[in-house]
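Got the viewer open and a cursor ready? Let's take a walk through this one, one selection at a time.

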Amino acid sequence: MTAPGALTIRRLRREAWGFAVGSLCFLVGALPPYAAWVGDVGANLTFFIGSLFFTTAALIQLVLSGRRPPRGDTNRADRADWWAAAIQFAGTLLFNISTFAALVAAIARPDAVGIGWRPDAWGSIAFLIASTLAVVATKDRGQLWDADARTWHGTWLNLAGSVAFGASAVGAYVLPSTGDLLSEYWANLGTMLGAVCFFVAALLSRRTIPAG
């Protein structure tokens, strides 16, 4: 396969920076001292901004993933790579919706329980599926349209981050009987751990890891 051109390299760098900045927003927004300093509105605004960076980066990744939807002659690695990017992009759109809804709720009802944004359950499921498909694509990364598009370091870190986001979503479930979060500890910790994993994976995506 031919090496990606200069334009592709620039887009890949923007993709990495988008995920890195978005991850930092999620990490900072989940820190209790920061939330206490800026308040619920400020924290939820931080999450919403971070979700926009994620969506932009995910769109770039989708556009570059094989450059076209899978066809009958698409190899297994490129097929998994494209679907991983497509499902991840859908997940970021769900996060856009959930973070914006939480921001509006924080403005309207600043004293309500559970208004602080936590990963939306459906978005978290999408990220888990996408991360798993990315691991599958990495198994045969030498067959990808760009052998550096996926690396073991990045895909496994993204999978770990998706698991952490899933734990955060579970912790953020509001118990109908009490109106309290199932686990505020895991709602915050899961978001922070997931953000760290995504941030490191974004930085490592600019490294060339030998296929062997």
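Start by selecting helix α6 and look at which of its residues are buried: A187, N188, G190, T191, M192, G194, A195, C197, F198, A201, A202 and L204. Keep in mind that you're looking at a predicted model. While α6 is still highlighted, try its length. The helix covers residues 184-204, and 21 residues at 1.5 Å each should span 30 Å; the C-alpha atoms at its ends are 31 Å apart, so the two agree.

Now zoom out to the whole chain. You'll count six helices and zero strands, and from the N terminus the order reads α-α-α-α-α-α. Of the 212 residues, 45% are buried. Take the contacts with a separation of 6 or more: 74% of them join residues 24 or more positions apart.

Next, go inside. Which residues touch the most other members of the largest nonpolar core? Select F19, F26, F54, L62, F165 and F198; those are the ones, out of 20 residues in that core. Colour by helix and you'll see that α1 (6-30), α2 (32-64), α3 and α6 each put in at least two residues of this core. As a rule, in soluble globular proteins nonpolar side chains tend to be buried together.

Stay there and click F54. Leaving out residues up to four places away in sequence, F54 touches G18, F19, G22, S23, F26, T92 and F198.

From F198, hop over to A160, which sits in helix α5 (residues 152-171). Draw a distance between the C-alpha atoms of A160 and F198: it comes to 8.6 Å, for a pair 38 residues apart along the chain. Is A160 buried or partly exposed? Its relative accessibility is 36%, so A160 counts as partly exposed, since that class runs from 20% to 50%.

Last stop, the outside. Turn on the surface: the chain exposes about 10,400 Å², with carbon and sulfur atoms supplying 68% of it. Then select L94, I97, W122, I125 and I129, a nonpolar patch on the surface with about 510 Å² of accessible area together. Helices α3 (76-108) and α4 (121-139) each supply at least two of the patch residues, and the largest share, three residues, comes from α4. Finish on I129, which is found in α4. I129 has 41% relative accessibility, so this residue counts as partly exposed too.

Key. Residues numbered from 1 in each chain as written. Predicted model: local features only at pLDDT ≥ 70, side-chain atom pairs only at ≥ 80, totals over all residues. Heavy atoms only, no water. Helix = DSSP H or I, 4+ residues; strand = E, 2+ residues; numbered from the N terminus. Expected span 1.5 Å × (residues − 1). Buried < 20%, exposed > 50% of the residue type's maximum accessible area, 1.4 Å probe, protein only. Patch = residues over 30% accessible without salt bridge, like charges linked within 9 Å, V, L, I, M, F, W, Y side chains within 5 Å. Areas by Shrake-Rupley, 256 points an atom, 1.4 Å probe, with all protein chains shown as cover. Salt bridge = Lys/Arg side-chain N within 4 Å of Asp/Glu carboxyl O. Core = buried A, V, L, I, M, F, W, Y, C linked by side-chain atoms within 4.5 Å. Contact = heavy atoms within 4.5 Å.
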